[in-house]
Amino acid sequence: MEYNDQVKNRIKRMEGQLRGILKMMEDNKDCKEVITQLSAVRSAVDRTIGVIVSSNLVECVREAEKDGEKTNELIKEAVNLLVRSR
């Protein structure tokens with residue numbers, strides 16, 4: 001699978017958020033602020049996983065249909081990936 005710039009930018013944003021959280025910790029910021037930011041990163045990770053799995057699923061289903069293959073297993077696998085990521 002090829003990862004487009006949108007997905008890569010999501011990762012870069014999360015990287016920046018994590019660096020900001022580390023800075024907050026070094027500056028002894030209130031734990032509520034740190035937890036809020038960590039939750040935001042976790043949410044961003046979850047959304048990115050969803051984007052990657054759905055993009056991959058679309059790509060795989062198109063290929064399978066083109067080749068006359070059944071897509072049920074691909075869909076089950078994608079759902080399992082999403083469930084495991086939680």
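Which residue's side chain does Lys23 meet in a salt bridge? The partner is Asp27, and the N to O distance is 2.9 Å. That pair is a handy way into this predicted model, where the salt bridge count comes to three. Below is a quick tour of helices H1 and H2, the charged pairs, and a few residues worth finding on screen.

**Helix H1**

- Start with H1, which covers residues 5-26. It has 22 residues and reaches 31 Å from its first C-alpha to its last, close to the 32 Å expected at 1.5 Å a residue.
- On the inside, you'll find Val7, Arg10, Met14, Ile21 and Met24, the buried residues of H1. These residues sit on the same side of H1, because they cover an arc of only 90 degrees around the axis.
- Flip to the face turned away from that buried side, and you meet the exposed residues Asp5, Lys12, Arg19 and Glu26.
- What lies over the buried residues of H1? The cover includes H2.
- Both ends of H1 have something to look at. At the N-terminal end, Asn4 acts as a cap, with a side-chain oxygen 3.1 Å from the backbone nitrogen of Gln6. At the other end, H1 is followed by Asn28, which has a positive phi near 55 degrees.

**Helix H2**

- Next comes H2, made of residues 31-66. Its 36 residues reach 52 Å from the first C-alpha to the last, close to the 52 Å expected at 1.5 Å a residue.
- The buried residues here are Val34, Val41, Ala44, Thr48, Val53, Val61 and Ala64. H1 and H3 are among the elements that cover them.
- H2 has an N-terminal cap too, and this one is Asp30: a side-chain oxygen of Asp30 lies 3.1 Å from the backbone nitrogen of Lys32.
- Just after H2, look for Gly68, which takes a positive phi of about 75 degrees.
- Ser43 is one of the residues in H2. Is Ser43 buried, exposed or partly exposed? Its relative accessible area is 34%, so Ser43 counts as partly exposed.
- Ser43 also gives you a ruler between distant parts of the chain: Met14 is 29 residues away along the chain, and the two C-alpha atoms are separated by 10.0 Å. Met14 itself is one of the buried residues of H1.

**The salt bridges**

- Back to Lys23 and Asp27, whose side chains meet at 2.9 Å, N to O. Lys23 is partly exposed because its relative accessibility is 46%. Asp27 is partly exposed as well, because its value is 40%.
- Another bridge joins the side chains of Arg19 and Glu15, with an N to O distance of 3.0 Å. Both residues lie in H1, four residues apart, which is about one turn of the helix.
- How do those two sit relative to the surface? Arg19 has 58% relative accessibility and so counts as exposed, while Glu15 is partly exposed because its relative accessible area is 39%.
- The remaining pair is Glu63 with Lys66, where the closest N and O atoms are 3.4 Å apart. Glu63 and Lys66 are three residues apart in H2, so about one helical turn separates them.
- In that pair, Glu63 is partly exposed because its relative accessible area is 40%, whereas Lys66 reaches 61% relative accessibility and so counts as exposed.

**A buried charge: Arg10**

- Arg10 lies in H1. Although Arg10 is buried, it has no salt bridge.
- Which side chain of opposite charge is nearest to Arg10? That's Asp46, 11 Å away.
- Setting aside residues up to four places away in sequence, Arg10 touches Arg47, Thr48 and Val51. Of these, Thr48 is listed among the buried residues of H2.

**Thr71, in a loop**

- Thr71 sits in the loop between H2 and helix H3, which covers 72-84.
- Is Thr71 buried or exposed? With a relative accessibility of 16%, it falls under the 20% cut-off, so Thr71 counts as buried.
- Beyond its neighbours within four places in sequence, Thr71 is in contact with Val61, Ala64 and Glu65. Val61 and Ala64 are among the buried residues of H2.

Terms used
Residues numbered from 1 in each chain as written. Predicted model: local features only at pLDDT ≥ 70, side-chain atom pairs only at ≥ 80, totals over all residues. Heavy atoms only, no water. Helix = DSSP H or I, 4+ residues; strand = E, 2+ residues; numbered from the N terminus. Buried < 20%, exposed > 50% of the residue type's maximum accessible area, 1.4 Å probe, protein only. Salt bridge = Lys/Arg side-chain N within 4 Å of Asp/Glu carboxyl O. Lys, Arg positive; Asp, Glu negative; His and termini not counted. Contact = heavy atoms within 4.5 Å. Expected span 1.5 Å × (residues − 1). Arc of directions from axis to C-beta. Polar contact = N/O pair within 3.5 Å; in protein donor to acceptor, adjacent residues only side chain to side chain.
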